[in-house]
Amino acid sequence: MPTDTITIPVSSGEISGYYAWPENDGPWPAVVIIHELFGLNENIRDTARRFAAQGYAALAVDLFHGRNRTVCMARFMGGMFLRSLDHGAIGDLKASLSHLASLPGVDPQRLGAIGFCMGGSFAIAWACTDDRLKVIAPFYSMNPRPLDAVARSCPVVGSFPEKDFTASGARKLEEILDRSDVPRDFKTYPGAKHSFFNDRGDNYDPAASEDAWNRTLAFFSNHLPTTTS
């Protein structure tokens, strides 16, 4: 499928993104992919290509583009704990979604996001304040503050490793979503560790990764279908 590196205008200047899209003419649903602390690496690019192969336009953003990664991480972590629903990374993601929605062939009414670790945490917080998102898929993520804000979230398909600090937070998140009647599909994988989806990392778990991917696609097909009626 075709791919390209594109420039995305944001309030602080610009960031880059890896864009992959289907070979047909569309209109396509579209997904923003949010990397973990390793940045926009080949695993994340591959995830964009895998979405494109399934009929989605996929934009993997590089939140570290042109910036010092250590400084970025300090700001992002501070934002997650102090201004979870409104900080620089969330602003960049909203701008990225606007840019993605404007691209030829993209259906601006069918938009979603997937994120890993830090990126999954951003996806949940973002979904609390942006009703353009129709579905999100957080992997081993942390919860936003205040947690009750997720009552405003779009549908969520979450994947978490049993041997990880995020597992207990996932249970609390699912409880709030259930109480708020937000459609959700959560699964915790026994024996899996943090970053189990990263097939270039030491904690890669093929079985958990495959199952989580298939669950994500099935959930997206219900809430972000690749065809229109």
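Here is a short chat about how the helices and the sheet of this predicted model are arranged.

Me: Why are α1 and α6 called oblique to each other?

Reply: The axes of α1 (residues 42–53) and α6 (residues 206–223) cross at roughly 45°. Under 35 degrees would count as roughly parallel, and roughly perpendicular runs from 65 to 115. The angle fits neither class, so the pair is oblique. As for its hand, the crossing is right-handed.

Me: How do you know that α1 and α6 meet, and which residues do it?

Reply: Contact needs heavy atoms within 4.5 Å. On the α1 side that gives T47, R50 and F51, which meet W213, T216, L217 and F220 of α6. Sorted by class, this contact has four nonpolar, two polar and one charged residues. The axes themselves come within 12 Å.

Me: What makes β1 and β8 the edge strands?

Reply: Pairing takes at least two bridges between two strands. β1 (3–10) and β8 (184–193) each pair on one side only, and that puts them at the edges. The open sheet has eight strands in the order β1-β2-β4-β3-β5-β6-β7-β8, with mixed pairing. From one strand to the next, the twist averages 20°.

Me: How do you know that β6 and β7 pair?

Reply: The cut-off is at least two bridges, and two bridges join β6 (residues 133–139) to β7 (residues 156–163). The two strands run parallel. F139 has S159 in β7 as its bridge partner.

Me: What does α6 touch on the sheet, and how does its direction compare with that of β8?

Reply: α6 packs on β3, β5, β6, β7 and β8. Its direction makes about 175° with that of β8, and over 145 counts as roughly antiparallel.

Notes: Residues are numbered from 1 along each chain as its sequence is written. This is a predicted model: local features need pLDDT of at least 70, side-chain atom pairs count only at pLDDT 80 or more; totals for chains, interfaces and linings use all residues. Side-chain values use heavy atoms; hydrogens and water are left out. Axes are lines fitted to C-alpha atoms, for helices over the stretch in contact, and angles run from 0 to 180 degrees between N-to-C directions. Helices (H or I, at least four residues) and strands (E, at least two) are DSSP runs, numbered from the N terminus. A crossing is left-handed if the near helix is turned anticlockwise from the far one by less than a right angle, and right-handed if clockwise. Ala, Val, Leu, Ile, Met, Phe, Trp, Tyr, Cys and Pro count as nonpolar, Asp, Glu, Lys and Arg as charged, and the others, Gly among them, as polar.
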